[in-house]
Amino acid sequence: MGHTHSHGHAGHAASDDGTQRRLWPMVAGAVIISVFFAVELTVGIAVNSLALIADAGHMLTDVVAMVMGLGALLLARHGSSSGVKTFGWHRAEVFTAVANAVLLIGVAVFVLYEAVERIGTDPHVPGGTLVVVALIGLAANLVVMLLLRADAKGSIAVRGAYMEVLADAVGSIGVLVAGVVTMTTSWPYADLVVAVLIALWVAPRAIRLALDALRILAQQAPVHVDVDKIQRELSELAGVTEVHDLHVWTLTTGMDVATVHVTATADNADVLAAAREVLERHGLDHATIQVDPAGTQGDCHKKITW
């Protein structure tokens, strides 16, 4: 059996550097969003604006997302990988993404419920206040988005936080529109309509985030990996007679893992090297390859280890 991977000391050092790089933007973003959350919620309650309260609810999930994301990144970097935790805490950020999605869906449901409850009450909300608060919120969201954007693709925890901040930026634009409409037309339901639109815009994105995280937890093959093609390319290697027990899954964002058994009549070392090249071409650097002599398929007691 051959075990090949590119996660040696240099790889761990790079991973630590990447984690360190992600920490400070998350800290700065959490501070900025926390301050504005308090402002927006206070004003929203004071002027009875459901749109502001909805946006503040999203702000709260941003804060929670960033705090949990920070915890996940720290656990992934410093958590113990000894004993039963052989993979360390890398999946902490995946659980964080699920929690973030649940929070977003919860806020959306609450806003929709409140909007229905307020129909027919002819709510009065000062448009000027909405405009001022929305502009401040939009500025805060854009700053935090710029802080998180670079790492959103490399970490599902950061991606969860980034998506929530993006949703809040859209929410701030909606509140701004509601304020302008209220000021120019005095239509009392602009605030409710915007609140509902914010909720409907956020909900499907939250569901998609949850599905992506659940796909990882269910150990399904990554969407960017063609398992059938890998199986075919391994089967076409010189000396290979059978490929079985091929498993590909994602441990966490940026770490895809594979295991496979290859039955061969050729030299085991040559087959191992060729199989390793196939998997690496598909981005599977962390792979375990077991080479079985011909005629011993499924016989674990006769397998040769390399």
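Reader: How much surface does the protein chain expose, and what share of it do carbon and sulfur atoms supply?

Author: In this predicted model, the protein chain exposes about 14600 Å², of which carbon and sulfur atoms supply 64%. Of the 306 residues, 46% count as buried, a label that requires a relative accessible area under 20%.

Reader: Which residues make the nonpolar surface patch?

Author: The patch, of about 480 Å², is made by Trp24, Val27, Val31, Val35 and Val39. Valine 39 lies in helix H1, which runs over residues 9-47.

Reader: Why is valine 39 called partly exposed?

Author: Its relative accessibility is 39%, and since buried means under 20% and exposed means over 50%, with partly exposed in between, valine 39 counts as partly exposed because its 39% falls in that middle range. Membership of a patch asks for over 30% relative accessible area, a cut-off that the 39% of valine 39 satisfies.

Reader: What makes the phi of serine 186 worth a remark, and is the residue buried or exposed?

Author: The phi of serine 186 is near 60°, a positive value in a residue other than glycine. Serine 186 has its place in the loop between helix H5 (156-185) and helix H6 (190-217), and because its relative accessible area is 58%, set against the cut-off of over 50%, serine 186 is called exposed.

Reader: Where does glutamine 219 lie, and why does it count as partly exposed?

Author: Glutamine 219 lies in the loop between H6 and helix H7 (227-235), and although it is not a glycine, it has a positive phi of about 60°. Its relative accessibility is 46%, and because exposed would need over 50% while buried would need under 20%, glutamine 219 counts as partly exposed.

Reader: How do you know what span to expect of helix H8?

Author: Helix H8, residues 268-281, has 14 residues, and the expected span is 1.5 Å times one less than that number. The expected value is 20 Å, and the helix reaches 20 Å from its first C-alpha to its last, which is close to that expectation.

Reader: Which residues of H8 are buried, and why are they said to line one face of the helix?

Author: In H8, Asn268, Val271, Leu272, Ala275, Val278 and Leu279 are buried. Seen down the axis of H8, these buried residues fall within an arc of 125°, so they line one face of the helix. On the other side of H8, Asp270 and Arg281 are exposed.

Note on methods
Residues numbered from 1 in each chain as written. Predicted model: local features only at pLDDT ≥ 70, side-chain atom pairs only at ≥ 80, totals over all residues. Heavy atoms only, no water. Buried < 20%, exposed > 50% of the residue type's maximum accessible area, 1.4 Å probe, protein only. Areas by Shrake-Rupley, 256 points an atom, 1.4 Å probe, with all protein chains shown as cover. Patch = residues over 30% accessible without salt bridge, like charges linked within 9 Å, V, L, I, M, F, W, Y side chains within 5 Å. Salt bridge = Lys/Arg side-chain N within 4 Å of Asp/Glu carboxyl O. Helix = DSSP H or I, 4+ residues; strand = E, 2+ residues; numbered from the N terminus. Arc of directions from axis to C-beta.
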